[in-house]
Amino acid sequence: MAGRPGRVWLAAGLAAVVCGALALALFARPSPAPVAGPPGERLLAASRGLDTVDIQAAFDPVGRTVDVDQTLTLQNRTGVTQRLAVLRTYANAMRSEDDSPAATDELHDLCYPEGFSPGGLTFRSARLQMAGGSEQGATYAFGDDAHTVLRVTLPGDWLPGETLILRLRYTLAVPRAAYRFGETDGIWALGNAFAIPSPYVDGAYLDDAYGSIGDPFVSECRNYTVAVTAPEGYAVAGTGVSTTEAAAEGAVITRFAAPAVRDFALCISRETRSAQTAQNGVLLTVYARAADDARTLLRYAAQALACYDARYGAYPYQTLTLCEADFPLGGMEYPALTLIGSAKIKAGGETLEQLVAHEVAHQWWYAAVGSDPVRQAWQDEALAQFSLLDYWETRYGRDARDSLQYALVDTAMRLTIPQGVTPGSPLDYFGDLTEYGIVVYNRGAAALCALDLAMNGGLDGFLASYYDTYAFALTTRADFETLLARYTGEDWSPLLSDYLDTYVDS
Ligand SMILES: [Zn+2]
C-alpha cells in the first residue's frame with residue numbers, strides 16, 4: 001500500500017524500542033516462584049467434618065531417627081459401640097528379616113544391597129482422652145507378630161458419633177533400605193511410616209498382613225497437619241501444601257497442611273535438585289539427583305495431570321510432588337506424593353514416561369477414589385494402567401495407544417500363568433511380583449479395554465462419573481459395578497467376571 005512510508009517506519013521503530021524496553025524489563029525482573037493455589041471448593045467440602053491427624057516430627061539424620069508426637073482426633077463412625085481402637089504401625093514390619101516385606105527372596109538383595117538393616121517404631125508414650133474425660137495413659141498391645149496391628153483398649157464405651165483423642169509419642173528408626181520406608185544414598189523415604197487408623201469394614205477392623213506383593217494398605221481420608229523439624233540444607237517433601245520457617249540451632253521447620261488425604265508421606269533429601277511449575281492452580285514439584293531428570297519428570301507429570309484433568313475431572317489437591325528414591329519396584333504412590341525409582345529414571349525414555357503416567361493416575365485411582373488394594377487390587381492398578389493408555393493416546397495418537405495396549409494388555413492375556421490367579425484374586429494368592437503385575441495390572445486393564453470397546457469408547461465418561469461420585473470415599477467393587485450399570489443402563493458384571501474372576505488357561 002502506498003502513502004506515508006516514513007511515518008509507518010517511524011512508528012514501527014518506536015514500537016520496536018518500546019517492545020525491546022518491555023522485554024528487557026521482563027527479563028530483568030526475576031520470575032516469581034510458582035505457588036499452590038487455594039484449596040478448591042470440592043476439597044474444602046470433602047474436608048469438612050473429617051477426623052484430624054496432627055504430627056510433630058523431628059528428623060535426625062545422624063541418629064537415623066524421627067521423633068514423632070502424633071495427635072489423632074477420631075470420631076466413632078462404625079455405627080456400633082467400641083471398646084477398642086485399632087491403628088496400623090507398618091514401620092514395625094521392617095524390624096526383622098522374618099517380617100520385612102522387603103526381605104523376601106525376591107526382594108532382599110534389591111532392597112538391602114548392603115545386607116539387612118532393621119527399622120521400626122518404638123513407643124515412648126500413648127495417652128488417650130475420651131469424650132468428657134481427662135487424658136490418661138492408654139493400654140495397648142500388638143495383635144500380630146510383626147507388630148503392625150496396634151490395639152488400644154479403651155477404658156469405657158466409645159459410643160457411635162463420640163470423639164476420642166489419641167496422643168502417641170514414638171521414635172521411628174529408619175532402616176538402610178531401598179523401600180517405601182528406608183534410606184539409601186541420602187534419600188530418606190518415609191512412606192507408611194506414621195501410625196494410621198485402621199478402617200472398620202463389615203464389622204471388624206482390617207488387620208491385613210504387610211506382605212511383599214502389592215500395596216496392602218486400606219485407608220480413609222482425614223485432615224493432616226504436619227510439622228517436620230530437620231537440619232538446615234535438607235529438602236523436606238511431603239503430602240500437602242508446605243511452608244518453611246527457621247527454627248533454633250540451624251534447624252528448619254517445614255509445615256504441611258493436607259486436607260482430605262488418606263495418608264501422609266515424606267521424602268527427605270539433601271543432594272537432590274528440584275524443578276517446579278504451577279498448572280491450573282496445582283503446584284508441581286520434582287526432586288531428583290540430577291537437574292535434567294527433575295525437569296524431565298516435571299514435564300511428564302504436568303502432561304499426565306493435564307490429560308487426566310481433561311478426561312476424568314480436575315485433580316483434587318493443591319500440590320503434586322514426585323521424588324526420586326531408590327525404590328526398586330518402579331514407583332510408589334501416596335496422596336499428592338509419588339516416589340519414582342532411580343532405576344526407572346536411569347532407564348529414561350518411554351519406560352519412565354509410562355511409569356510417571358501410571359503413578360500420576362493413582363492420584364485419581366487410589367488417592368482420591370479409594371478402594372481395597374488387598375482384596376480388589378485391580379480397582380486401582382488396572383485403572384491406573386488404563387489411564388496410561390489414555391495418556392499415551394493423548395500424547396502420541398491412536399496408533400501408539402493400540403501398540404501399547406498390544407504390548408502390555410493383549411500380550412498379558414497370552415502369557416502362561418502357573419497358578420489359577422485372576423485380577424480379582426486377593427494379594428495372598430499371588431506367588432511373585434511378576435505374576436502380580438501381569439495379572440492385576442495388565443489382565444485387569446484387559447477387562448477395562450474390553451469394556452471400553454463394548455461401550456464404543458465410552459469408558460472415560462464412566463470414569464469421570466466414578467471419580468465425581470466417589471472422590472475421597474472408599475469404594476468397593478460392587479460400587480464400581482453398580483455405578484457402571486446405572487451410567488450405561490446395562491449390566492456389565494458378566495463381562496467383568498469373565499476377566500476379573502475367570503482363570504485364563506492359555
Ligand atoms: Zn500402580
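Two strands are taken to pair if DSSP finds at least two bridges between them. In the predicted model described here, strand β3 (residues 82-88) meets this condition with strand β11 (residues 196-197), the two being joined in the antiparallel sense over two bridges. Leu87 has Pro197 as its bridge partner in β11. Strand β3 also pairs with strand β7 (residues 149-158), again in the antiparallel sense, and here over six bridges. Within that pairing, Ala85 is matched with Val152 of β7.

A further set of eight strands makes up an open sheet of mixed pairing. The strand order in this sheet is β5-β4-β8-β2-β1-β14-β17-β16. Its edges are formed by β5 (136-137) and β16 (241-246), each of which pairs on one side only. At the β5 edge, strand β4 (residues 120-130) runs antiparallel to β5 and is joined to it by two bridges. Arg127 stands opposite Gly137 of β5.

The protein chain is divided into domain 1, covering 43-361, and domain 2, covering 378-500. The centres of the two domains, taken over C-alpha atoms, are separated by 27 Å. Each domain brings 22 residues to the contact between them. On the side of domain 1 that touches domain 2, the elements giving two or more residues are α4 (291-312) and α6. Helix α4 supplies six residues, the largest share of that side. By residue class, the side of domain 1 that touches domain 2 consists of 13 nonpolar, six polar and three charged residues.

Helix α6 (residues 349-361) was also examined against helix α7 (residues 378-396). The axes of α6 and α7 come within 8 Å and cross at roughly 125°. The arrangement is therefore classed as oblique, because the angle lies outside the ranges set for roughly parallel (under 35 degrees), roughly perpendicular (65 to 115) and roughly antiparallel (over 145) helices. The crossing of α6 past α7 is right-handed. From α6, the residues in contact are Gln354, Ala357, His358 and Ala361. These meet Ala384, Gln385, Ser387, Leu388 and Tyr391 of α7. Taken together, the residues of this helix contact comprise five nonpolar and four polar, with no charged residue among them.

Terms used
Residues are numbered from 1 along each chain as its sequence is written. This is a predicted model: local features need pLDDT of at least 70, side-chain atom pairs count only at pLDDT 80 or more; totals for chains, interfaces and linings use all residues. Axes are lines fitted to C-alpha atoms, for helices over the stretch in contact, and angles run from 0 to 180 degrees between N-to-C directions. Helices (H or I, at least four residues) and strands (E, at least two) are DSSP runs, numbered from the N terminus. A crossing is left-handed if the near helix is turned anticlockwise from the far one by less than a right angle, and right-handed if clockwise. Two residues are in contact if their C-beta atoms, placed from the backbone, lie within 7 Å. Ala, Val, Leu, Ile, Met, Phe, Trp, Tyr, Cys and Pro count as nonpolar, Asp, Glu, Lys and Arg as charged, and the others, Gly among them, as polar. Domain bounds come from an automatic or database domain assignment.
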